[in-house]
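Good morning, colleagues. Please look at the sequence and the structure as they come up on the screen, and I shall then take you through selected parts of the chain.

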Amino acid sequence: WGDDELIDIKDSIKLNNLSLKWNNKVLLENANLKIKAGTINIIVGPSGEGKTTLIDSIVGIIKPHNGAIEFDNNEISNFSEKSFKSNISYVDQNATLFNESIIDNISWGQGKVSKNKIYKIATQLDMHDKIKSLKNGYNTMAGDRGVNLSGGEVQRIIIIRALIRNPKILILDEAINQLDSKSKAPIIKILESLKGKITIFIISHSEDTINLADNIFEVSNNSIRKLRKNNNWGNYFKS
């Protein structure tokens with residue numbers, strides 16, 4: 001890590017001759033890609049081919065074997081770790097809640113957060129009225145791993161937590177695949193409203209996300225390629 005501050009992503013994220021390995025397995029080799037800021041990018045491909053590893057490298061969790069990743073022509077290694085990671089929100093399919101109040105779960109790690117901001121995002125995700133209807137409202141205990149709430153409610157609360165950080169990059173790693181259509185609908189809607197405002201990566205096997213996509217990328221056979229967007233959904237989700 002360096003000393004530069006990541007304030008915003010104004011132009012693009014670039015992969016320059018990127019090579020990635022995991023447990024000595026080559027996942028990507030000499031990949032080149034330019035991703036425009038503010039776009040929604042769906043990542044598809046067979047299991048074990050490197051989708052999550054690619055995202056982990058873009059957000060600075062792992063280092064490339066070779067090559068570089070640039071944000072507005074500045075390599076990740078030049079940014080300070082704090083400024084870089086504070087601009088990223090990451091939600092996966094195993095995200096969970098603590099045995100604390102809903103409001104504490106939402107604001108966890110954020111210090112003081114405006115309740116109006118929380119209420120606004122919760123309303124967009126069709127959760128505000130649900131939470132207010134609980135006996136203790138936002139002070140209701142979520143239970144261990146969110147046991148007092150449904151799976152769809154837990155995931156939406158976690159997405160509220162992700163969005164109140166005002167991230168420049170939002171990652172959803174299989175985060176909505178297991179949800180029913182009722183739970184997915186407000187998530188899809190809020191993601192659509194964020195298009196052009198933040199850069200979003202969605203690793204998904206859910207057809208619901210395809211219409212959101214500005215780009216669809218397939219990770220397979222040690223490479224990443226842009227796919228043409230069409231209605232033949234099944235081709236995107238071969239395992």
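Let me begin with one residue. Setting aside residues up to four places away in sequence, Asn-30 touches Asn-17, Leu-18 and Ser-19, where contact means heavy atoms within 4.5 Å. Asn-30 lies in strand S2, residues 25-36. Its C-alpha is 9.6 Å in space from that of Ile-224, although 194 residues separate Asn-30 and Ile-224 in sequence.

A word on the source. This is a predicted model, in which local features need pLDDT of at least 70 and side-chain atom pairs count only at pLDDT 80 or more, whereas totals for chains, interfaces and linings use all residues. Residues are numbered from 1 along each chain as its sequence is written, and side-chain values use heavy atoms, with hydrogens and water left out.

I turn to the chain as a whole. The protein chain contains 7 helices and 10 strands; these are DSSP runs numbered from the N terminus, with helices (H or I) of at least four residues and strands (E) of at least two. The C-alpha trace spans about 55 × 45 × 35 Å along its principal axes. How does the radius of gyration agree with that of a compact globule? For 239 residues such a globule would have a value near 18 Å, and the protein chain has 18 Å, so the two agree. The radius is taken over C-alpha atoms, and the globule rule is 2.2 Å times the number of residues to the power 0.38.

Of the 239 residues, 52% are buried. Buried means under 20% relative accessible area, exposed means over 50%, and partly exposed lies in between, with a 1.4 Å probe and protein chains only. The chain exposes about 12100 Å², of which carbon and sulfur atoms supply 43%; accessible areas come from the Shrake-Rupley method with a 1.4 Å probe, and for residues only the protein chains shown count as cover. Among contacts between residues at least 6 apart in sequence, 74% join residues at least 24 apart.

As to charge, there are 32 positive and 27 negative side chains, and the centres of the two sets lie 4 Å apart. Lys and Arg count as positive and Asp and Glu as negative, while His and the chain ends are not counted. Each charge is placed at NZ of Lys, CZ of Arg, CG of Asp or CD of Glu.

Next, the aromatic residues. Rings of Phe, Tyr and Trp (its six-membered ring) pair if their centres lie within 6.5 Å; planes under 30 degrees apart count as stacked, over 60 as edge-to-face, and the rest as tilted. The count by this rule is 6 aromatic pairs. In one of them, the rings of Phe-71 and Phe-79 have centres 6.4 Å apart and planes at 90°, so this pair is edge-to-face. Phe-71 is buried at 2% relative accessibility, and Phe-79 is buried at 4%. Both belong to one aromatic cluster with Trp-1 and Phe-84.

Is helix H1 enclosed or exposed? Of the 8 residues of H1, residues 51-58, 7 are buried, so the helix is largely enclosed by the rest of the structure. Among the buried residues are Lys-51 and Asp-56. After H1 comes Gly-60, with a positive phi near 80°.

Which residues other than glycine have a positive phi? One is Asp-126, with phi near 60°. Asp-126 sits in the loop between helix H4 (115-124) and helix H5 (128-133) and is partly exposed, at 49% relative accessible area. Another is Asn-222, at about 65°. Asn-222 occupies the loop between S9 and strand S10 (223-227), and its relative accessible area of 29% makes it partly exposed.

Two buried serines follow. Ser-220 is in strand S9, residues 215-220, with a relative accessible area of 11%. Neighbours within four places aside, Ser-220 is in contact with Pro-46 and Glu-49. Ser-89 is in strand S6, residues 88-92, with a relative accessible area of 2%. Beyond four places in sequence, its contacts include Ala-162, Arg-165 and Ile-171. The C-alpha atoms of Ser-89 and Ile-159 are separated by 8.9 Å, with their positions 70 residues apart along the chain.

I close with Asp-180, in the loop between strand S7 (169-173) and helix H7 (181-194). Asp-180 is partly exposed at 47% relative accessibility. From Asp-180 to Lys-197 is 17 residues in sequence and 27 Å in space, C-alpha to C-alpha.
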